[in-house]
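Me: Hi! Could you walk me through how the helices and chains meet in this one?

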Amino acid sequence: MSIWALRGLRDGIVTTRWPRRPDEYADSWRGPVTVTPDTGLPAADGADDAWLETLCPTGAIEVIDRVRIDQGRCILCGRCVSARPDRFTWSAGATGPAAAAAARQALVVPGEPETDEAVAVARAALAARTAALRRSVHLRHVDAGSDGSEEWEIQALLGPVYDIHRLGVFFTASPRHADVLLVTGAGTIGMTGPLRTTYDGMPDPKVVIAVGTDAISGGLLSDRLSGIAEAVPVDVWVPGSPPSPFAILNALLIATGKLTPVARR
Amino acid sequence: MTLTGTEPTVEALRDALKSRVARGDRFAGLFAARRDGGITLSAHVTAKGEGSGGTRGGSPPGAETAGGWIDTLEARLPPGASCYPALTPVLGAAFWYERVIHDETGLIPEGHPRIAPLIAAGRPEDHAPRRHVAGYGLFTIPHGPVRSGVFESMEYLVETPGEAIPHLNMRIFYKHRAVAARFAGASVGDGVLLAERAEGIASVAHALAYCHAVEAIAGCAVAREAALIRVVHAELERIANHLDVALRLADAAGLAVATARFALHKERVMRVVSGLCGTRFGRGVVVPGGISAFPAQDPGQILAAITRLEKEVAADAELAMGTSSFLDRLRGTGPLTPARAREHGALGPIGKASGFADDARSARPYDAYPQHGLEPYREQTGGDAMTRLRVRFEEAARAFSLIRRALSDFPERGQLTPQAPCDPPDGRATGWAEAPQGEVLYDLTIKDGRIAHCQPRSASFHNLVLMHEVFAGDILTDFPFIEASFGLSVAGAAL
């Protein structure tokens, strides 16, 4: 056993210092697709733009007056970026206020001024609700039909690299002890009941985080499954297929008031 | 697509399968699908050497010299049929497959020992807990679908007098996403995206199996350099999965440092993957005809990172396999006998740990595996959780060496072709790839440039049913070890 203790010292401290210090890996992360700033404007030839919608396998690209991307539908396949790098680009970084949204419509980029107002309202309501959660937060995870990869990324938060315990965040087995519900998966019929029961079993105040594009919109399966928002009220939305552990951590800190989200671009 | 020389009836299919399996071929799947206005049963069975009835499934071009492939045998049900004679009584491995057929088509497999929903949500009364063993003081512990910790959703019904587990029942329908149905009508390119999300922790293997089927239909050959990158990604995925099993086992044993070490190695492997392709699960790499793009890094750079990781993983694996308090929990736990493994055709590390090794990478090699073949495995017959972990560590070590060989073989200069033109005509083929959990199969039919039908079969589905049988003599506290030692994904099992 003592050998293990020594082995534990072998690599020194491997834990990220984020959010206190920037993390190179988090900043180099390739997030959901966004429209390039200068070409989001309507093109002279409108018909050309309508064609862009067909690039996306999940219908995340919408062309009404201008080109918009619903990051809640983006599965990061990168087809639009390789077809039209002049119009679409990857968003950079797994953390920061843009990597998680406090309202569903805030995932549609570029946003509208009225969206920003709605997001501000949602954010204020969330902050008021979670004011009591500042010090120690307990999480409960429920898989509502994921592909299995989101569980790996949530599990990684417990590992030595992300180590959420240092931030006062813990996983709990019982929903009765949970403040935050992390939900993954496209929202299968079989999991609707158990998910709702878990949510109902949590004491107030409670926060729900939809982890991943599947949980937000159903992703590729959106013709039959539409995510988890119909089963439980979602407070924070984390796009990604799957989102990086940093993105999940970022959403957690936003949800519990440890990071303050600002308006999205 | 019919049995040569025989009427394609279910009885003929059953007899053909029975004799093939008795001859040493492995049963690899059974599905029902509506084709041309009627219902067709398709069974998959491994084949080697000369053709033996049935239609030869598509084997990836370039791999045919190595001998093995997957046969598809078919039977057509009479129009309007509502039942057929079950195969399970003569072929136990078809047990779950026929329950899925019942769920998806409503057909009744007559003579099947337990026709109950498996992946269909059904009515609540269909799932009423049914006690399988009776006796004084026996009760059922329902565990799931929301479980303690970060797990995929499924429910275990553990029948127990307190310590022993005389019977276990599993319910996987909670996560059924109907992925197979989603394939129909999708474009060939979208099929890869779906395959990657069928079983997220084995994205590369699923994408490979799907693309092998497409490439077999199109008759296109993957360039050598692209095949090498495919091998690199497939093996990195294998290492990450095996490290995940090791960390779960160490966690169950309460070895905090070992858990942290394996978690650290797994994170580093996933960061190597994200450095290569931008995602931590190797998504978007494999496309029909090759790969989407070559890694931005220089092979030498990747090689250095891999070599460092290899040393660290090997050192910690060795220490874990020498920690008696850890091995005490694994030794003799969850035993699967070699006879059962052979009879069922247990896949991947579970089969290998019970003396039944049918690794697609050597038996039916694809991509760059024919040139970078695996050395034969030392036969292991322990069949317990410890042997399964030993097999996984060995597989991880081989994966590292395969990656090193593939990278050093990578052409330094010259014209590199990531993707060969791949435009499949109408046709049907079976593609396969060895996932960390075992062999993944894709039975794909393309019509008018789109997917007419696609049936994925994960190793998780094939192997999970074996968990019913491995609790002999084990008690409740062994449960997490047995579950972790199987290393399966519920998403892949329930699809």
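Reply: Happy to; we can go through the chain contact and then some helix pairs, bearing in mind that this is a predicted model.

Me: Great. How many residues does each chain bring to the contact?

Reply: Chain A gives 45 residues and chain B gives 42 residues.

Me: On the chain B side, which element has the largest share?

Reply: That is α7(B), with eight residues. The elements giving two or more residues there are α4 (188–196), α7 and α8 (299–320) of chain B.

Me: And what's the mix of residue classes on that side of chain B?

Reply: The side of chain B that touches chain A has 20 nonpolar, nine polar and 13 charged residues.

Me: Which helix of chain A packs with α7 of chain B, and at what angle?

Reply: Helix α1 of chain A (residues 2–9) packs with α7 of chain B (residues 256–277) at about 35°, and their axes are 9 Å apart. The crossing of α1(A) and α7(B) is left-handed. On α1(A) the contact uses A:Trp4, A:Ala5, A:Arg7 and A:Gly8, and on α7(B) B:Val257, B:Ala258, B:Ala260 and B:Arg261. By class, those residues are five nonpolar, one polar and two charged.

Me: Switching topic: how do α13 and α15 of chain B cross?

Reply: Helices α13 (residues 385–408) and α15 (residues 479–486) of chain B cross at roughly 30°, with axes that come within 9 Å. The crossing of α13(B) and α15(B) is left-handed.

Me: Which residues meet there?

Reply: B:Ala385, B:Arg388 and B:Leu389 of α13(B) meet B:Phe481, B:Ile482 and B:Ser485 of α15(B). That contact has four nonpolar, one polar and one charged residues.

Note on methods: Residues are numbered from 1 along each chain as its sequence is written. Chains are lettered from A and ligands numbered from 1 in the order in which they are written. This is a predicted model: local features need pLDDT of at least 70, side-chain atom pairs count only at pLDDT 80 or more; totals for chains, interfaces and linings use all residues. Axes are lines fitted to C-alpha atoms, for helices over the stretch in contact, and angles run from 0 to 180 degrees between N-to-C directions. Helices (H or I, at least four residues) and strands (E, at least two) are DSSP runs, numbered from the N terminus. A crossing is left-handed if the near helix is turned anticlockwise from the far one by less than a right angle, and right-handed if clockwise. Two residues are in contact if their C-beta atoms, placed from the backbone, lie within 7 Å. Ala, Val, Leu, Ile, Met, Phe, Trp, Tyr, Cys and Pro count as nonpolar, Asp, Glu, Lys and Arg as charged, and the others, Gly among them, as polar.
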